[in-house]
Amino acid sequence: MDRMKNFIIGLFCLICCQVSAQEFNDYFVNKTLRIDYNFAGNAKQQNISVDQLNVMPRWYGKTKRLAELPIEGNGQITVKDHKTHKIIYRNSFSTLFQEWLSYPEAKSGISKSFENVFLVPMPKDTVDITVDLRNNRREIMTSLTHQVVPTDILIRHIGETHVTPFVTLQQAKDTTKCIHIAFLAEGYQQKEMETFLKDAKIAIEALFAHEPFKSYRDKFNIIAVEAPSIDSGTSEPSKGIWKNTALHSHFDTFYSNRYLTTLNLKALHDWLAGTPYEHIIVLVNTAEYGGGGILNSYNLSMTHHRLYRPVVVHEFGHSFAGLGDEYAYEQEQIPMYPTDIEPWEQNLTTKVNFHGKWENMIGKGDPKIGLYEGAGYSLKGVYRGYPDCRMRTNENPVFCPICQQAIIRIIDFYTK
């Protein structure tokens, strides 16, 4: 009986995989459509426009559960078949533009534009692509739908020649069902590439010292992309230091001295064109403390500060798994999480709609799992599930059980 049961389960899984693969092959070819957008506006009005369409040789994202989202994000990109209007691909994201909208500068009426780049599988036939941006109440603020015709002669071909040199640091057990990560050098001169590779290896060992990444290590394919910079280091505007680097990264993002980012997303993806990548970790050659992580955009970290290891892992929690920050400020300048709306982040709750988060873990094994007020930058009204976590402090050595569950769900979504 058990053998027959196992046989039936195995056959069902095989059929599901074949159907999933067939669905991908029905609508897409094994190439990547990279779409460059400009997001512009201010807190009152936003606008999305298409900048450039690009095609790259292979597709390294998901090939099953194409219309499903593992996490909601602050924005979504949806691909529909033009003839049938069927959703054939979706993904979620967050952006620096949306974060900027919460700052006084944007609320004062000043308008700015931000580059954003999204990757989708290359369609076989005409598709309609919708990009929407959502506010912290999970409401759509603005949306753009545009048509893409695969035979359009103005779709730029990139990544076929002049590919940036890269080194494979870890090969997944099955490269057809894995998560592709690319480390990208920022602020490393050509003569410093050995240092960059060493820094990338340090980050890898730091990441996979943490569960659940440790147990799922063979599901990650990792490369290091050697993008050279003219100058060594990164820009520090508050000190009057400006460097000519591959991504023109800088501290003082939104006038926060430790917020290290790059606004040049087209350049970032140009350096990566033709390499096997989906998730991006930018390593910045500096000893100053700083970094940032943006869901399905990039994780960026300094490399030569003593807190490099915990910071690069913390930021990957943001960029890969969409985990929220679990710390709080004494004086919260910008309320990111309205207390009458449930956050989409899996490790935060306002108790408005706690179902499906970590309620399944309360009262089962670990007595520390519960609801702790003080998270998402707020001392009151936003809750985390554990006393401390890698998403709360640099001193805590592990992801808490709640974050581990959320990460496992993401890994399983892409690889099972």
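## Cavities, cores and a helix

By class, eleven nonpolar, six polar and one charged residues make up the lining of the second largest cavity. The model you are looking at is a predicted one, so treat this as a guided walk through its inside.

Let's stay with that cavity for a moment. Its volume is about 130 Å³. Of the 18 residues that line the second largest cavity, L96, E115, N116, L265 and S297 are the closest to its centre. Which element gives the most to this lining? Strand β5 does, with five residues. Both α2 (96-100) and β5 supply at least two residues each.

Now for the wider picture: the structure holds four cavities of 30 Å³ or more. The largest of them has a volume of about 200 Å³. Among the 15 residues lining the largest cavity, those closest to its centre are N91, F118, L119, E278 and N296. Two or more lining residues come from each of β4 (87-93), β5 and β12. The largest share, four residues, belongs to β4.

Here are the two linings by class:

| Cavity | Nonpolar | Polar | Charged |
|---|---|---|---|
| Largest cavity | eight residues | six residues | one residue |
| Second largest cavity | eleven residues | six residues | one residue |

Next, look at the nonpolar cores. The largest one has 63 residues, and Y37, F39, I77, I129 and L268 have the most contacts inside it. Strand β5, residues 112-123, gives the most to this core, with six residues. You can try tracing the surroundings of I77 in the structure. Leaving aside neighbours within four places in sequence, I77 is in contact with I35, Y37, Y89, R90, N91, F93, F118, V120, I129, T130 and V131. A second core, separate from this one, has 48 residues, including F183, F196, I402 and C403.

Finally, find helix α4, residues 193-207. How far apart are the end C-alpha atoms of α4? They are 21 Å apart, and this agrees with the expected span, because 15 residues at 1.5 Å a residue should span 21 Å. If you try the sum yourself, note that the expected span is 1.5 Å times one less than the number of residues.

Which residues of α4 are buried? They are M193, F196, L197, D199, A200, A203, I204, A206 and L207. F196 is also one of the residues of the second core. The cover over the buried residues of α4 includes the strands β9 (166-170), β10 (179-186), β11 (220-225) and β12 (279-284), together with helix α6 (308-321).

Note on methods:
Residues are numbered from 1 along each chain as its sequence is written. This is a predicted model: local features need pLDDT of at least 70, side-chain atom pairs count only at pLDDT 80 or more; totals for chains, interfaces and linings use all residues. Side-chain values use heavy atoms; hydrogens and water are left out. A nonpolar core is a set of buried Ala, Val, Leu, Ile, Met, Phe, Trp, Tyr and Cys residues joined through side-chain atoms within 4.5 Å. Buried means under 20% relative accessible area, exposed over 50%, partly exposed in between (1.4 Å probe, protein chains only). Contact means heavy atoms within 4.5 Å. On a 1 Å grid over the protein atoms alone, a cavity is a set of points where a 1.4 Å probe fits but cannot get out, and a pocket is an open set with protein on both sides within 12 Å along at least five of seven lines; lining residues have an atom within 4 Å of a point. Grid points are joined across faces, edges and corners, and a volume is the space filled by probe spheres set on the points. Ala, Val, Leu, Ile, Met, Phe, Trp, Tyr, Cys and Pro count as nonpolar, Asp, Glu, Lys and Arg as charged, and the others, Gly among them, as polar.
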